[in-house]
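This report is meant for a reader meeting the structure for the first time. It moves from one pair of strands outward to the cores, the cysteines and the chain as a whole.

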Amino acid sequence: HRDLHSFPTRRSSDLIQSSGKTFQHEEIVFTANGDPINVLVNSAPIFGNDGKLVAVMEIATDITETKRLQKKIEENTERYKTLYNEVPCYISVQDSSFRLVDFNRQFKDEFGGKRGEHCYKVYKHRETWCDVCPVAQAFEDGKVHTSDEVVVSKSGDPINVLVFAAPLVDKDGNISAVMEMSTNITSVINMQSRMANLGQLVSSLAHTIKGIVTGLEGGMYVVESGFKSKDDAIIKKGWDMVQRNVDRISHLVLDMLYFAKDRVPENSEVRLDELMYDICELYSKKMKDNNISLESKIDKVNPIIGDAKSLYTLILNLVENAIHACIWDKSNTEHKIKVDLTENESEFTLSVQDSGIGLTPDTKSKLFTTVYSSKGSSGSGFGLMIIKKIVDEHCGEITVESDPGKGAKFIVRLKK
């Protein structure tokens, strides 16, 4: 019937007369009342004794209901295909070798991949299958299995997903494939993490404030004792304790306000080299009093566009943390802090390195969160959190190099 589609304006009988062949085609005819009927037409030649075509027999079968059902199936197929592609989760169908048989548009957009590739390579950029796999479990027992997984997008970003793996059964009752449906729950995990950090923050603040209050009470007691004994030395000692703890509570409140406030950066041209010189000068006496030597290599650099107050706070906190790391290291009576600033075509790099107590791998993993302070029990952890916030506000990057007992080096890279 391909010939008929090529010549839609000619009837099959005409073609039969010209070719002597049998034809089959579909067409629409009308009843006496004008109602359309879909028919499947079979046309066959009838030849005389002399071998010449004398007539054409045409048999038409009513296929109107078949065409209606066929159209309905096509509409349903298209509807299910749209649903399959637009449902807000990642869907893939995998065979028993964990190869991708099919996947929806959401999966393709997020992970890429091709049919026939292994799911663990597309999902997790692995070369071997996963130790715990809900798809393998579904193939094994024919039940639906769930799991929480961390997969990797085609751009390399980690994504937390909740996975449901359901077996697909053929007409003989055998599992032919497994459909894996994964829902992105990264925002939920992030919210859980923020709530956990909030609880740790409250606990850390309560502990810090309790320490400050205890220090204030101790200072007041010493001052009161000095007044009773009329001893000026004791009074001065107690007053120094009070002042020290008032400074601590003042710094804590300012840090809390800075971290909590969503402030719009006031960008202008900032000279990082001048800021670093000023801060080194500011802390020179404190370093000298604590037997800490300062080594600086500060290049004269071009101005950076940024928030001057934030960048000053960034460098200030880095240097202050380095000083405290040295003070807390009781294993050595002499320490060194090295401050560097360089510039290349694309970025500024500033670093602050100390020879203090250093960081364990566990401690490094907790940096820039509410659960770690470089100042021991006297710190709240806000300083490091503020450092990270300022770096993020300037679209920069901060890394840490450290080993226990060998000091630490904080490196900040700010793009031009």
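## Strands S6, S7 and S8

Ser147 stands opposite Val163 in strand S7, and Ser147 itself belongs to strand S6, which covers residues 145-152. The model described here is a predicted one. Strand S6 is joined by eight bridges to S7, residues 158-169, and the two strands run antiparallel. They form a hairpin with five residues between the strands, in which Gly156 takes a positive phi near 95°.

Strand S7 also pairs with strand S8, residues 175-184, again in the antiparallel sense and over nine bridges. Within this pairing, Phe164 has Met181 of S8 as its bridge partner. S7 and S8 likewise make a hairpin with five residues between the strands, where Gly173 has a positive phi near 85°.

## The surroundings of Ser147

Is Ser147 buried or exposed? Its relative accessible area is 15%, and Ser147 counts as buried because the limit for that class is under 20%. Leaving aside residues up to four places away in sequence, Ser147 touches Pro134, Val161, Leu162 and Val163, and the last of these, Val163, is the residue that stands opposite Ser147 in S7. The side chain of Ser147 also makes a polar contact, at 3.0 Å, with the side chain of Glu149.

## A buried serine in strand S2

Another serine, Ser43, lies in strand S2, which spans residues 36-47. At 0% relative accessibility, Ser43 counts as buried. The C-alpha atom of Ser43 is separated by 5.7 Å from that of Met57, although the two residues are 14 residues apart along the chain.

## The largest nonpolar core

In soluble globular proteins, nonpolar side chains tend to be buried together. Here the largest nonpolar core holds 39 residues, and Leu272 and Ile337 are the two that touch the most other members. Two or more residues of this core come from each of helix H9 (272-282), strand S10 (292-298), helix H11, strand S12 (335-343), strand S13 (347-354), helix H13 (382-393), strand S14 (397-402) and strand S15 (408-415). Helix H11 provides the largest share, namely eight residues. With residues up to four places away in sequence set aside, Leu272 touches Ile304, Leu311, Ile315, Leu341, Phe348 and Leu414. A second core, separate from this one, has 20 residues, including Tyr120, Cys133, Ala138 and Ala165.

Helix H11 comprises residues 308-328, 21 residues in total, and it reaches 30 Å from its first C-alpha to its last, which is close to the 30 Å expected at 1.5 Å a residue. The N-terminal end of H11 is capped by Asp307, with a side-chain oxygen of Asp307 lying 3.1 Å from the backbone nitrogen of Lys309.

## Strands S14 and S15

In a regular strand the side chains alternate between the two faces of the sheet. Strand S14 has a covered face made up of Ile398, Val400 and Ser402, while Glu397, Thr399 and Glu401 make up its uncovered face. Ile398, on the covered face, stands opposite Val412 in strand S15.

S14 and S15 pair in the antiparallel sense, with six bridges between them. The two strands form a hairpin with five residues between them, and Gly405 in the turn has a positive phi of about 75°.

## Two cysteines without a bond

How many disulfides are there in this model? The count comes to zero. The sulfur of Cys119 has its closest cysteine sulfur in Cys133, at 5.7 Å, and this is too far for a bond because a disulfide requires the two sulfur atoms to be within 2.5 Å. Cys133 is accordingly in no disulfide. Both residues are buried, Cys119 with a relative accessible area of 7% and Cys133 at 14% relative accessibility.

## The chain as a whole

The protein chain contains 13 helices and 15 strands. Of its 416 residues, 35% count as buried. Among contacts in the chain with a separation of 6 or more, 54% are accounted for by residues 24 or more positions apart.

Methods. Residues are numbered from 1 along each chain as its sequence is written. This is a predicted model: local features need pLDDT of at least 70, side-chain atom pairs count only at pLDDT 80 or more; totals for chains, interfaces and linings use all residues. Side-chain values use heavy atoms; hydrogens and water are left out. Helices (H or I, at least four residues) and strands (E, at least two) are DSSP runs, numbered from the N terminus. The expected span of a helix is 1.5 Å times one less than its number of residues. A polar contact is a pair of N or O atoms within 3.5 Å; within protein, one must be able to donate a hydrogen and the other to accept it, and residues adjacent in sequence count only if both atoms are side-chain atoms. A nonpolar core is a set of buried Ala, Val, Leu, Ile, Met, Phe, Trp, Tyr and Cys residues joined through side-chain atoms within 4.5 Å. Buried means under 20% relative accessible area, exposed over 50%, partly exposed in between (1.4 Å probe, protein chains only). Contact means heavy atoms within 4.5 Å. Two strands pair if DSSP finds at least two bridges between them.
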